[in-house]
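Biologist: I have a structure open and would like to go through it with you. Can we start with the overall picture and then look at some details?

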Amino acid sequence: MSIRRMWLLCWLCLLCAPFAAGAATAVPSWGAPQSSAVDTPPEALKPGAWIWAGDDPALGPMVMVVSLDEQRGYVYRNGLRIAVTTVSTGKPGHATPTGVFTILQKDRDHHSSLYNNAAMPYQERLTWDGVALHAGGLPGYPESHGCVHLPTEFARRLFAATTLGMTVVIAEDGHASADAVHPGLLAPVDPTSGASIAALPLDDGQPWRWTADDASTGPLSLVLSRSDQRLIALADGREVGRARIVVPPTAAPRGTHVYVMGTGTLPVHVDGVPDGQLPQWQSIAVPGREADAGQTLDPALLAGVQVPPGFVDRVLPRLRPGTVLVATDAHVLPETTGRGQRVLDALPPEH
């Protein structure tokens, strides 16, 4: 072999080496690459499927609840469920511990020091002895060594949204409340302590209730359930008020629609709302509702809506441009919430 040919072969080997190394260390990707529609019931999600339409930290505190029984994880922002995902937790002999945890450490490109340098992308450590949230296999049943496996794209979004110290509750039947084991539309746990919270229904004949601390200045999120004829206000990660309302049958869009408050007012009268004080709302796009983006809420759809004046007096001073309103057919009453609850996302899409 000539010296020139040997030199050429060596040069080619050096040139290809980085690509070969990269192929050998390529990180796998797990789960669906895109979000399912917001109206997909959690129990209808196939292994690897998830729902997430974006996030805005300004809306309030975040908390995550992982149900070992359901093999699903739920994310709440300001007390409202904004995302859900299928997960895979610890297999027999490597059970995922239950309880209240906080995110101790974050590592975007983590590799295991215990299991053959296995890739654990978007790792968020919950214990110092190896339990974490991270992207991983999702066969539809518990198969991890104790960690909570997530779809890769969901894990990426969660990693970007969380902060160190954020609360994560891992719940299992017999070790947590039923609301935490089977989370509903509203957060079943306090975002700071992880303690169980249960929203109480209104008493018979009680038109509205307001429990917010007058000193609280956290932003409100509003949820309107057409099925239950209820309007619920959330702040600081939990419910602060609810009211019986009347939403007459109209041609209003069904399903889940998300609106953000603008700077103007709507020229329409709604019982209980002083004239000239009804905020203007603009639709935002969420998965499955992309065509909603930028549409202004039709004032005609609000005609005949009735809200108790006392509740309006509490809510209006707390509204700000950017406040989110979610209108949904999903139930919010305790006697009707459960495993069939639909996910909805009250947050603007990512830019």
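Biologist: What share of the 351 residues in the chain is buried?

Modeller: Buried residues make up 49% of the chain. Keep in mind that this is a predicted model.

Biologist: How many helices and strands does the chain have?

Modeller: There are four helices and 17 strands.

Biologist: And what is the mean pLDDT of the chain?

Modeller: The mean is 84, and 82% of the residues reach 70 or more. Over residues 6-24, though, the pLDDT is below 50, and this stretch has two contacts beyond near neighbours in sequence. Residues 336-351 also stay under 50, and there the model has 78 contacts beyond four places in sequence.

Biologist: Why be careful with stretches like that?

Modeller: Where pLDDT is low, the predicted coordinates should not be read in detail.

Biologist: Fine. Now sheets. What is the order of the strands in the open sheet of four?

Modeller: The order is β6-β7-β8-β9, with mixed pairing. The edges are β6 (105-111) and β9 (148-150); each has a single partner strand, so one side of each is left without a neighbour in the sheet. From one strand to the next, the twist averages 25°.

Biologist: In which sense do β6 and β7 pair?

Modeller: Antiparallel, over six bridges, with β7 covering residues 119-125. In that pairing, His111 stands opposite Ala119 in β7.

Biologist: Which helix packs on the sheet?

Modeller: Helix α2, residues 152-161. This helix touches β6, β7, β8 (132-135) and β9, and its direction makes about 35° with that of β7.

Biologist: Staying with α2, which side chain meets Arg156 in a salt bridge?

Modeller: Glu153, at 2.6 Å from N to O. The two are three residues apart in helix α2, so about one helical turn separates them. Glu153 also meets Arg157 in a salt bridge, at 3.1 Å. Arg157 and Glu153 are four residues apart in the helix, again about one turn.

Biologist: Are those three buried or partly exposed?

Modeller: The cut-off for buried is under 20% relative accessible area. Glu153 is buried at 19%, and Arg157 is buried at 17%. Arg156, at 30%, counts as partly exposed.

Biologist: How many salt bridges are there in the whole structure?

Modeller: The search finds nine. Another one of interest joins Asp190 and Arg238, whose closest N and O atoms are 3.0 Å apart. Asp190 lies in the loop between α3 (178-181) and β11 (208-210), and Arg238 in strand β14 (residues 238-244), so the pair ties together parts that are 48 residues apart in sequence. Asp190 is buried at 11%, while Arg238 is partly exposed at 35%.

Biologist: Which residues are joined into one network by salt bridges that share partners?

Modeller: Glu153, Arg156 and Arg157.

Biologist: Change of topic: loops. Where is Thr89?

Modeller: Thr89 is in the loop between β4 (80-86) and β5 (99-102). With a relative accessible area of 3%, Thr89 is buried. Beyond its neighbours within four places in sequence, its contacts include Val66, Gln71, Pro142 and Cys147.

Biologist: And Leu59, buried or exposed?

Modeller: Leu59 is buried, at 8%. This residue lies in the loop between β1 (50-52) and β2 (62-67). Leu59 and Ala235 are 176 residues apart in sequence, but their C-alpha atoms are 8.7 Å apart in space.

How values were computed: Residues are numbered from 1 along each chain as its sequence is written. This is a predicted model: local features need pLDDT of at least 70, side-chain atom pairs count only at pLDDT 80 or more; totals for chains, interfaces and linings use all residues. Side-chain values use heavy atoms; hydrogens and water are left out. Buried means under 20% relative accessible area, exposed over 50%, partly exposed in between (1.4 Å probe, protein chains only). pLDDT is the predictor's confidence in each residue, from 0 to 100. Contact means heavy atoms within 4.5 Å. Two strands pair if DSSP finds at least two bridges between them. Axes are lines fitted to C-alpha atoms, for helices over the stretch in contact, and angles run from 0 to 180 degrees between N-to-C directions. A salt bridge is a side-chain nitrogen of Lys or Arg within 4 Å of a carboxyl oxygen of Asp or Glu.
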